[in-house]
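Thanks for coming. I have one structure to show today, and I will spend the few minutes on a single strand and what surrounds it.

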Amino acid sequence: HHDVPREVWTSEEGSMARETAITRWPKIVQNMVDDLEESLGQLDTPDQIEEGRRIQATLRIIKSEILQNKPLHPLIPDGRSDIQSYNAQLESFGNITWHNCPWLFAECYLYRCVQTLFARSQFWRNHDIFARQKLSAFVASHAAVEELCERYVSLTGVLTEAVDEESQRLIFYEMTEIALWGNATDLSLLSALSLDQIHSLQGKQAIRDGQARIVSNDMPEAWEYLKSHRGRRIDIVLDNAGFELFTDLVYALYLLDSRLASAVKLHVKSFPWFVSDVVPHDMDVLLSTLTDTALFPCATHPSVRALTERLRESCKAGLVAIAEHPFWTMGVDFQEMPTVAPELHQDLLGSALVIFKGDLNYRKLVRDANWPHTLPFKEAIGPLCGGKGSEGTKILALRTNKADVCVGLTKDTLERVNKEAPGKTWVRNGKYAVISFSDGVGV
Ligand code: F6P
Ligand code: MG
């Protein structure tokens, strides 16, 4: 039995939480102000402009409240029931301010707060303040998209034929790693990472180099499990739009083509979230960008066209489907799913495997708590791992490390990475990763 450590707070000196609260949040909100400025400049409808200006003014207030370490205040109802949960949670923390609050909760609260401004408006209800950034980053990743299309098309024959088990395993490893490193291109880290650095994480060579940086790797266990539970539904809790979504769609196609899955359900966010997360509309944007010759340099490339066509068909046939649930944009961690979203929890229990993409989803799985890095993953996910007669969710987390929390390392690996990337950089800089698996049978 372990004492459960508390979640990371923005008051902790030297934590990434603190750095985020002090420098990154104000920047992210300033980017929203600037993006809105650009949208406003393209309008000539006075009422809409007027309303947009008011939203912009409120965003500036939010930014200055963060900079001045003001308290978080209850959210104004906008018609969605999750507001009550946010406000109840806020109350439970007592008086919290931006520089002294639970990191995970406050960051979710920030995006939810911004959403109330749009949701309560007349003209801006469906505005995606991050759409511009998401699109331009995706267009900039065209070389990696082309490379991945080539690779996948070259594998197609191999996938549908009966190949030996060793080859099947290797293809599973490669495809899983592509989906994993797709998460390295998170736009909310862009303020720290140059585009060149991001590109260096993409592509074949980067993936090969990457294997040494997977500090906890349950891929062998995941493979053993999956090959004996073939042909059922697999879920992916998506993270970012653009290149990462593209790798996730290729992964979904692979799971179908290799008959590991009979269908793939993709879980998206309901409103603009953590800058780059997938909202329903991003799916259409991606598919149309891939064939837009004016926008996307490799749109006419044969393997890009072939793969895009296959993706469209799979969506149309319902083999790849999108699902939305308010739980994914709440301020609670995933260990609360059985009580907060019991029907979603039940639904996911029926899935052969639930793949959680990215850093934020990982933090929510392990409660963003300051666990020892050597704690086994299954212990960190608490009730989600099952046990004592109750079945747990089958979980595969694919996460590049971009926050303070990380579990599942052996003592040896921990020593190695502490030497290789001192000062905790290996948990934060997005260059290291974990692949963590839980088979749902408890510890
Ligand atoms: O610290 C960086 C951060 O903004 C975190 O708040 C969040 O956990 C993460 O980035 C988002 O990354 P991802 O898109 O991988 O979830
Ligand atoms: Mg994200």
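A residue counts as buried here if 20 or more other C-beta atoms lie within 10 Å of its own. Please keep in mind that this is a predicted model.

The strand I want to talk about is E7, residues 433–438. How many of the 6 residues of E7 are buried? The count is 6 of the 6, so the strand is largely enclosed by the rest of the structure. That holds for both faces: Ala-433, Ile-435 and Phe-437 are buried on one side, and Val-434, Ser-436 and Ser-438 are buried on the other.

Next, the sheet. Strands of a sheet pair through backbone hydrogen bonds, either parallel or antiparallel. E7 belongs to an open sheet of 7 strands with mixed pairing, in the order E1-E7-E6-E5-E2-E3-E4. The edge strands are E1 and E4, the latter covering 320–324, and each of them pairs on one side only. On average, neighbouring strands of this sheet are turned by 15° against each other, direction ignored.

Now the two partners of E7. Strand E1, residues 214–217, pairs with E7 in the parallel sense over 3 bridges. Ile-214 stands opposite Ala-433, and Asn-217 has Ile-435 as its bridge partner. Strand E6, residues 395–400, runs antiparallel to E7, and 6 bridges join the two. In that pairing, the bridge partner of Arg-399 is Val-434.

Last, what lies across these strands? Helix H7, residues 165–182, lies across E6 and E7. The helix runs at about 50° to E6.

Key:
Residues numbered from 1 in each chain as written. Chains lettered and ligands numbered in written order. Predicted model: local features only at pLDDT ≥ 70, side-chain atom pairs only at ≥ 80, totals over all residues. Buried ≥ 20, exposed ≤ 12 C-beta atoms within 10 Å, placed from the backbone. Helix = DSSP H or I, 4+ residues; strand = E, 2+ residues; numbered from the N terminus. Pairing = 2+ DSSP bridges. Axes fitted to C-alpha atoms, helices over the stretch in contact; angles between N-to-C directions. Contact = placed C-beta atoms within 7 Å.
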